[in-house]
Amino acid sequence: MGIENRVALITGSASGMGKQTARRMAENGAKIVINDIVPERVDEAVGEFRDAGFEVIGEVADVCNKESIDKMIKSAADKFGGVDILVNNAGLEKAGLLRNLTEKDWDITLNVNLKGAFLCSQAAHHHMIERNYGRIINIASRAWLGGPGQAPYSSAKAGMVGLTRTLGLELGRKGITVNCVAPGLIRTPLWDEAPEKMKNRLLSKQPSGGLGTVDDIANAVMFLADDESSFITGQVLYVCGGRSLYAG
Ligand SMILES: NC(=O)c1ccc[n+]([C@@H]2O[C@H](COP(=O)([O-])OP(=O)(O)OC[C@H]3O[C@@H](n4cnc5c(N)ncnc54)[C@H](O)[C@@H]3O)[C@@H](O)[C@H]2O)c1
């Protein structure tokens, strides 16, 4: 039961919900690999985790770069003996209406969110197959259902849902589950800085009336990562205060 002594690699975990998920997993006895593209943030997060007495290593790597990802997974396996839990959390959004988007906006959004999840899953799954055990959790978004101004992001996150379902089919008999968490509006520094008018418009569409927290996401990831969640695969777990019940 639980995730004690499991090795968990969380991409983009030097900040935000990835960092909180890593912290919760560490508190529950997992060995943690913190990955991010920003070296100073990785150093800072690793320092915090070590000070708290957690078993942790830091890996600076760009999830879009196959060579760096293969190296990162290898050093995680060398240090901790394998990778049991992979959380594909690294992501970003380039927002804009179709007429304003650039090819660069499209490429970076698809690369970091979708190609990154593909490359990390591919590199990690070999170790999971060896152990006949694995949990892959993709952090998509409620936005995969579609949202004005979100063409690249929605497409990337929809691609992550397709990837989740396909890998669920391919890896089911290897003891590996693959699921998605689809967050809705989560309180982050970006939210705090957003204009009041925009915040009010977004909140008016929240059935729950409020925002989620990074802990709401960490809870959902922890549930899917648990040894006992072995009969759940290929699913999308919305953590969005009911916002997925509305279109658009
Ligand atoms: N915040 C929200 O409201 C929300 C809602 C829905 C979905 N999400 C998704 O949740 C995930 C985490 O979001 P967050 O709000 O915590 O964001 P965040 O910006 O705080 O964290 C994302 C991290 O990913 C890292 N990163 C970016 N590109 C990378 C790359 N190429 N390689 C490795 N790391 C990279 C960033 O440096 C950053 O530390 C993302 O996938 C995001 O799309 C967020």
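This briefing covers the ligand surroundings and three helix pairings. The model is predicted. In it, 27 residues surround the ligand. Helix 1 gives the most to that shell, with three residues. Helix 1 also packs against helix 8. Helix 4 gives two or more residues to the shell, and helix 4 crosses both helix 5 and helix 3.

**Around the ligand**

- The closest residues to the ligand are Gly-12, Gly-16, Gly-91, Ser-141 and Ile-186.
- Two or more shell residues come from each of helix 1 (16-27), strand 2 (31-36) and helix 4 (103-131).
- By class, the shell has 13 nonpolar, eleven polar and three charged residues.

**Helix 1 with helix 8**

- Helix 8 spans residues 214-225 and packs on helix 1 at about 55 degrees, the two axes lying 8 Å apart.
- Helix 1 is therefore oblique to helix 8.
- Their crossing is right-handed.
- From helix 1, the contact takes Gly-16, Met-17, Gln-20, Thr-21, Arg-24 and Met-25.
- From helix 8, the partners are Val-214, Asp-215, Ile-217, Ala-218, Val-221 and Met-222.
- This contact counts seven nonpolar, three polar and two charged residues.
- Gly-16 plays two parts: Gly-16 is among the closest residues to the ligand, and Gly-16 of helix 1 is in the contact with helix 8.

**Helix 4 with helix 5**

- Helix 5 covers residues 151-171; its axis comes within 8 Å of the axis of helix 4, and the two cross at roughly 15 degrees.
- That angle is under 35 degrees, so helix 4 counts as roughly parallel to helix 5.
- The crossing of helix 4 with helix 5 is right-handed.
- Helix 4 brings several residues to the contact, including Trp-106, Leu-110, Leu-114, Phe-118 and His-125.
- Helix 5 answers with residues including Tyr-153, Ala-156, Met-160, Leu-163 and Leu-167.
- Twelve nonpolar, six polar and two charged residues make up the contact of helix 4 with helix 5.

**Helix 3 with helix 4**

- Helix 3 runs over residues 66-80, and its axis comes within 9 Å of that of helix 4, crossing at roughly 30 degrees.
- Helix 3 and helix 4 are therefore roughly parallel to each other.
- Here too, helix 3 passes helix 4 in a right-handed crossing.
- Lys-66, Ile-69, Asp-70, Ile-73 and Ala-77 belong to the helix 3 side.
- Leu-119, Cys-120, Ala-123, Ala-124 and His-127 meet them from helix 4.
- The contact of helix 3 with helix 4 holds seven nonpolar, one polar and two charged residues.

How values were computed:
Residues numbered from 1 in each chain as written. Predicted model: local features only at pLDDT ≥ 70, side-chain atom pairs only at ≥ 80, totals over all residues. Near = placed C-beta within 6 Å. Helix = DSSP H or I, 4+ residues; strand = E, 2+ residues; numbered from the N terminus. Nonpolar A, V, L, I, M, F, W, Y, C, P; charged D, E, K, R; others polar. Axes fitted to C-alpha atoms, helices over the stretch in contact; angles between N-to-C directions. Parallel < 35°, antiparallel > 145°, perpendicular 65-115°, else oblique. Left-handed = near helix turned anticlockwise from the far one by under 90°. Contact = placed C-beta atoms within 7 Å.
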